[in-house]
Amino acid sequence: MTHPSLKALGIALVCALPFAASAQLTGNVSLTSNYKFRGQDQDTSKTRAVKPALQGGFDYAFGESGWYVGNWNSTVNWLDGNSLEADLYGGYKFKAGGLDWDVGAVTYLFPGNTTGNTTELYGAATWGPVTAKYSHAVSKDYFGWAGAKAGSGLKGRNSGYLGFAYAQEIAPQWTLKASVGFTRFSSGVKSLGVPNYMDYSVGAAYDFGSGLSLGAAVAGASKKAYFGDVNKTRLLVTLTKTL
């Protein structure tokens, strides 16, 4: 975690704080022992299990219309010249057929090294404690694996991620959480010999009240023989404050 990335993330969070008083705008700040995205460590500079990351962002809902926009950020270290992931997203939430639906688009930005930049469309359905979500890449670039910026000339477009998540309160202030996901790379990425893989997570969170919570989970991914240490199973501990 470099000083420039901490400064940039800190400025973004501080700027959002005055607006968090609005009922339509919420913010969040987290400190986690290791940031995993789809089962993979986002700090590849270290092999140890503890790789702290500072995270945070905000969400703005347009009244009761169902429309929303947001931003989420985290310190990372897997691209040369980059130390910050900044996600921009927007979508629409509604109810239909007894389910809660969420459709939208997200762009993952990596300032200083745009080979990681990726845009996906997503759709999610929630029934009780269970959520199913599918994300589909529409950009040629796909997290540094393919695209014009990556220099490979291959297309990452049509890579997809299907995830299932479970969250259920099991006791006052305690929530059990579990998830499993499947990454399917595009034919261009797979032509490099990159295998599809599965990720998993199981854990719990305790709500202290006033927007403060502490979570712990065991998370990892398959195909460790190919991806290496980044797919190792880790114990993740995260302290979160919702504003």
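# Notebook: a 12-strand barrel

**Barrel.** I traced the sheet first and found 12 strands closing into a barrel, with antiparallel pairing, in the order β1-β4-β5-β6-β7-β8-β9-β10-β11-β12-β13-β14. From one strand to the next, the twist averages 20°. I note here that the model is predicted.

**Whole chain.** I counted elements next: the chain has 14 strands and 3 helices. Of its 243 residues, 38% count as buried. I also looked at contacts between residues at least 6 apart in sequence, and 49% of them join residues at least 24 apart. The accessible surface comes to about 12300 Å². Carbon and sulfur atoms hold 65% of that surface.

**Strand pairs.** I went to β14 (residues 234-242). It runs antiparallel to β1 (residues 25-32), and 5 bridges join the two. Across this pair, Leu 31 stands opposite Leu 239 of β14. β14 also runs antiparallel to β13 (residues 212-221), joined by 8 bridges. There I found Ala 219 with Arg 234 in β14 as its bridge partner. I then checked β6 (residues 84-96) against β7 (residues 99-109): the two pair in the antiparallel sense over 11 bridges. Leu 88 has Thr 107 in β7 as its bridge partner.

**Positive phi.** Most residues other than glycine have a negative phi, so I listed exceptions. Arg 38 has a positive phi of about 55° and is not a glycine. I placed Arg 38 in the loop between β2 (36-37) and β3 (40-41). With a relative accessible area of 11%, Arg 38 is buried. Lys 223 is another entry, with phi near 60°. Lys 223 sits in the loop between β13 and α3 (224-227). Is Lys 223 buried or exposed? Neither: its relative accessible area is 43%, so I logged Lys 223 as partly exposed.

**Ser 159.** I found Ser 159 in the loop between β9 (130-137) and β10 (160-171). Its relative accessible area is 0%, so it is buried. Which backbone atom does the side chain of Ser 159 reach? I found the backbone nitrogen of Ser 186, at 2.9 Å. Leaving out residues up to four places away in sequence, Ser 159 touches Ser 135, His 136, Ala 137, Tyr 142, Arg 184, Phe 185 and Ser 186.

**Salt bridges.** Side chains of opposite charge can pair when their charged atoms come close. I counted 7 salt bridges. One of them joins Asp 41 and Lys 51, with the closest N and O atoms 2.9 Å apart. Asp 41 lies in strand β3 and Lys 51 in the loop between β3 and β4 (53-61), so this pair ties together parts that are 10 residues apart in sequence. Both Asp 41 and Lys 51 are buried. I followed the links outward and found a network of salt bridges that includes Lys 36, Asp 41, Lys 51 and Arg 234. Arg 234 is also the β14 residue I had noted as the bridge partner of Ala 219.

I then looked at Asp 100 and Lys 95, whose side chains meet in a salt bridge at 2.4 Å, N to O. Asp 100 is partly exposed at 33% relative accessibility, and Lys 95 is exposed at 66%. My last pair was Asp 229 with Lys 232, a salt bridge at 3.5 Å, N to O. Asp 229 is partly exposed, with a relative accessible area of 32%. Lys 232 is partly exposed too, at 37%.

Methods: Residues numbered from 1 in each chain as written. Predicted model: local features only at pLDDT ≥ 70, side-chain atom pairs only at ≥ 80, totals over all residues. Heavy atoms only, no water. Pairing = 2+ DSSP bridges. Helix = DSSP H or I, 4+ residues; strand = E, 2+ residues; numbered from the N terminus. Buried < 20%, exposed > 50% of the residue type's maximum accessible area, 1.4 Å probe, protein only. Polar contact = N/O pair within 3.5 Å; in protein donor to acceptor, adjacent residues only side chain to side chain. Contact = heavy atoms within 4.5 Å. Axes fitted to C-alpha atoms, helices over the stretch in contact; angles between N-to-C directions. Areas by Shrake-Rupley, 256 points an atom, 1.4 Å probe, with all protein chains shown as cover. Salt bridge = Lys/Arg side-chain N within 4 Å of Asp/Glu carboxyl O.
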